[in-house]
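User: Hi! Could you walk me through this model, a few questions at a time?

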Amino acid sequence: MTKQPVVDQDACISCGLCVSSCPAVFRFNSAGKSECYDPTGADEAAIQAAIDGCPVQAISWQ
């Protein structure tokens with residue numbers, strides 16, 4: 001099993017950095033929070049960059 005990015009909905013502040021940096025993986029859900037809708041939409045390095053850019057560390061690997 002490979003690791004997948006997961007967004008902590010309680011920690012997400014809806015800043016949009018992950019959505020703008022990796023739109024093939026992250027999007028806003030109906031509550032306005034980021035979610036991972038396609039964990040295979042980008043390579044691991046691109047996803048890691050989105051994780052590293054999150055100002056509240058709401059995204060992690062699972």
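User: Happy to start near the beginning of the chain. Leaving aside neighbours within four places in sequence, which residues is Gln 4 in contact with?

Analyst: Good place to begin, and a word on the ground rules helps. This is a predicted model, where local features need pLDDT of at least 70, side-chain atom pairs count only at pLDDT 80 or more, and totals for chains, interfaces and linings use all residues. Residues are numbered from 1 along each chain as its sequence is written, and side-chain values use heavy atoms, with hydrogens and water left out. Contact means heavy atoms within 4.5 Å, and with neighbours within four places set aside, Gln 4 has as its partners Pro 39, Ser 60, Trp 61 and Gln 62.

User: Where does Gln 4 lie, and how far is its C-alpha from that of Thr 40?

Analyst: Gln 4 belongs to the segment before E1; helices (H or I, at least four residues) and strands (E, at least two) are DSSP runs, numbered from the N terminus. Although 36 residues separate Gln 4 and Thr 40 in sequence, their C-alpha atoms are apart in space by 8.4 Å.

User: Which ring does Lys 3 lie over?

Analyst: The rule used here puts a charge over a ring if NZ of Lys or CZ of Arg is within 6 Å of the ring centre and within 35 degrees of the ring normal. Lys 3 is at 4.7 Å from the ring centre, and the face in question is that of Trp 61.

User: Is Val 25 buried or exposed?

Analyst: Val 25 sits in the loop between H1 and strand E2 (26-28). Leaving out neighbours within four places in sequence, Val 25 is in contact with a list of residues including Pro 5, Tyr 37, Asp 38 and Ile 47. Buried means under 20% relative accessible area, exposed over 50%, and partly exposed in between (1.4 Å probe, protein chains only). Because its relative accessible area is 0%, Val 25 counts as buried.

User: Asp 38 is on that list; why does Asp 38 get its accessibility class?

Analyst: Asp 38 is found in the loop between E3 and helix H2 (44-53). Not counting residues up to four places away in sequence, Asp 38 touches Ala 24 and Val 25. Its relative accessible area is 26%, so Asp 38 is classed as partly exposed.

User: How many cavities of 30 Å³ or more are there, and which residues lie nearest the centre of the largest cavity?

Analyst: A cavity is, on a 1 Å grid over the protein atoms alone, a set of points where a 1.4 Å probe fits but cannot get out, and lining residues have an atom within 4 Å of a point. Grid points are joined across faces, edges and corners, and a volume is the space filled by probe spheres set on the points. The count is 1 cavity, and the largest holds about 70 Å³ of space. Its lining has 13 residues, and those nearest its centre are Cys 12, Cys 15, Cys 18, Ser 34 and Cys 54.

User: Ser 34 is in that group; what is its relative accessible area?

Analyst: Ser 34 lies in strand E3 (residues 34-36). Beyond neighbours within four places in sequence, its contacts include Val 7, Cys 12, Cys 18 and Phe 28. Ser 34 is buried, because its relative accessible area is 2%.

User: What is the phi of Gln 57, and is that residue buried or exposed?

Analyst: Most residues other than glycine have a negative phi. Gln 57, in the loop between H2 and strand E4 (59-61), has a positive phi of about 50°. With a relative accessible area of 62%, Gln 57 is exposed.

Methods:
On a 1 Å grid over the protein atoms alone, a cavity is a set of points where a 1.4 Å probe fits but cannot get out, and a pocket is an open set with protein on both sides within 12 Å along at least five of seven lines; lining residues have an atom within 4 Å of a point.
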